[in-house]
Amino acid sequence: MAVALVAVAVFPSSAEPEAAASLHGGPFDSIFAFGDSFTDTSNNPVVWGWYNVFDEVMRPPYSMTFFGGRPTGRSSNGRLLVDFIAQGLGLPLVPPYLSHKGSFWQGANFAVGEATALSSSFFHLGETDISLQVQLGWFEELKPSLCKTEQECKDFFSRSLFLVGEFGITDYHISFGMRKSMQEIKAFIPDVIQTISMAAEARALD
């Protein structure tokens, strides 16, 4: 079975050379991330909280090797790839959109653990939908607080780095759990790829 997974798609939101100019001297002023548990920096506990369910990543041994041993909502014993990218660029760790109470001027993380590329309706999962499309909707909700006009948005996001991924694992995991056949799973792989690709291309044009 050929499984297409996008680990991390990294690109500036503008192909123009001046996009590398940054207010703080680095190539980017902000990071906007989408994905699942490989990227989620604490949105998942909020989602679980909507259903009054405690998220296990909020207890040890999660984050035991960093953050002072205090669980932060990451599905890891320490930092995630998005954390290393932010630190490497000299930017703050990207705050989770659903739980951060401060500014998002230097970026936002929309990733949620167990997020799918395809919508929940495709898998008949009911009301719970933390898919890529939903995360993109959160991004659209946030945009007016960052820029007002088309030119302001173009200027702001030309200095932003977008991370799209990882997506796909949960789509296949759910399908196997639903006892779908290999033929059924293979049939929707192109839809997963197209959904991720379209999202990445759309962010590149912001």
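**Reading loops, burial and salt bridges**

Trainee: Thr116 has its place in the loop between β3 (107-109) and α3 (120-123), but what are the helices and strands behind such labels?

Mentor: Before anything else, keep in mind that this is a predicted model, in which local features need pLDDT of at least 70 and side-chain atom pairs count only at pLDDT 80 or more, whereas totals for chains, interfaces and linings use all residues. Residues are numbered from 1 along each chain as its sequence is written, and side-chain values use heavy atoms, with hydrogens and water left out. Helices (H or I, at least four residues) and strands (E, at least two) are DSSP runs, numbered from the N terminus. In this protein there are 7 helices and 4 strands, and reading along the sequence gives the pattern β-β-α-α-β-α-α-α-β-α-α.

Trainee: Is Thr116 buried or exposed, and what do those words mean?

Mentor: Buried means under 20% relative accessible area, exposed over 50%, and partly exposed in between (1.4 Å probe, protein chains only). Thr116 has a relative accessible area of 5%, so this residue is buried. For the protein as a whole, buried residues make up 47% of the 206 residues. A helix can be read in the same manner: in α6, the residues Thr170, Asp171, Tyr172, Ile174 and Ser175 are buried.

Trainee: How many residues lie between Thr116 and Gly168 in sequence, and what separates them in space?

Mentor: Thr116 and Gly168 are 52 residues apart in sequence, while their C-alpha atoms are 6.2 Å apart in space. Another pair can be read with care beside this one: Val134 and Ala115 are 19 residues apart along the chain, and their C-alpha atoms are separated by 9.6 Å. Val134 is found in helix α4 (residues 132-146), and because its relative accessibility is 22%, Val134 counts as partly exposed.

Trainee: How many salt bridges does a search of the whole structure find?

Mentor: A salt bridge is a side-chain nitrogen of Lys or Arg within 4 Å of a carboxyl oxygen of Asp or Glu. The search of the whole structure gives 3 of them. One of these pairs is Asp29 with Arg159, whose closest N and O atoms are 2.7 Å apart. Asp29 lies in the loop between β1 (9-12) and β2 (30-34) and Arg159 in the loop between α5 (150-157) and β4 (160-164), so this pair ties together parts that are 130 residues apart in sequence.

Trainee: Are the two partners, Asp29 and Arg159, buried or partly exposed?

Mentor: They must be read one by one. Asp29 counts as buried because its relative accessibility is 10%, whereas Arg159, at 23% relative accessibility, counts as partly exposed.

Trainee: Which residue forms a salt bridge with Arg74, and which one with Lys143?

Mentor: Arg74 forms its salt bridge with Asp83, the closest N and O atoms being 2.8 Å apart, and both Arg74 and Asp83 are buried. Lys143 is paired with Glu140, and here the closest N and O atoms are 3.9 Å apart. Lys143 and Glu140 are separated by about one helical turn, because they are 3 residues apart in helix α4. Lys143 counts as buried at 15% relative accessibility, while Glu140, with a relative accessible area of 39%, is partly exposed.

Trainee: Which residues are joined by a cis peptide bond?

Mentor: The angle to look at is omega. A cis peptide bond with omega of about 10 degrees joins Pro60 and Pro61, and Pro61 is found in the loop between α1 and α2 (81-88). Another cis peptide bond, with omega of about 15 degrees, joins Gly165 and Glu166, and Glu166 lies in the loop between β4 and α6.

Trainee: What is the phi of Ser63, and where is this residue found?

Mentor: Phi of Ser63 is near 65 degrees, which is a positive value in a residue other than glycine. Ser63 is found in the loop between α1 and α2, and its relative accessible area is 0%, so Ser63 is buried. The loop between α1 and α2 also holds Phe67, which is not a glycine and yet has a positive phi of about 60 degrees. Elsewhere, α6 is followed by Arg179, whose phi is positive too, near 60 degrees.
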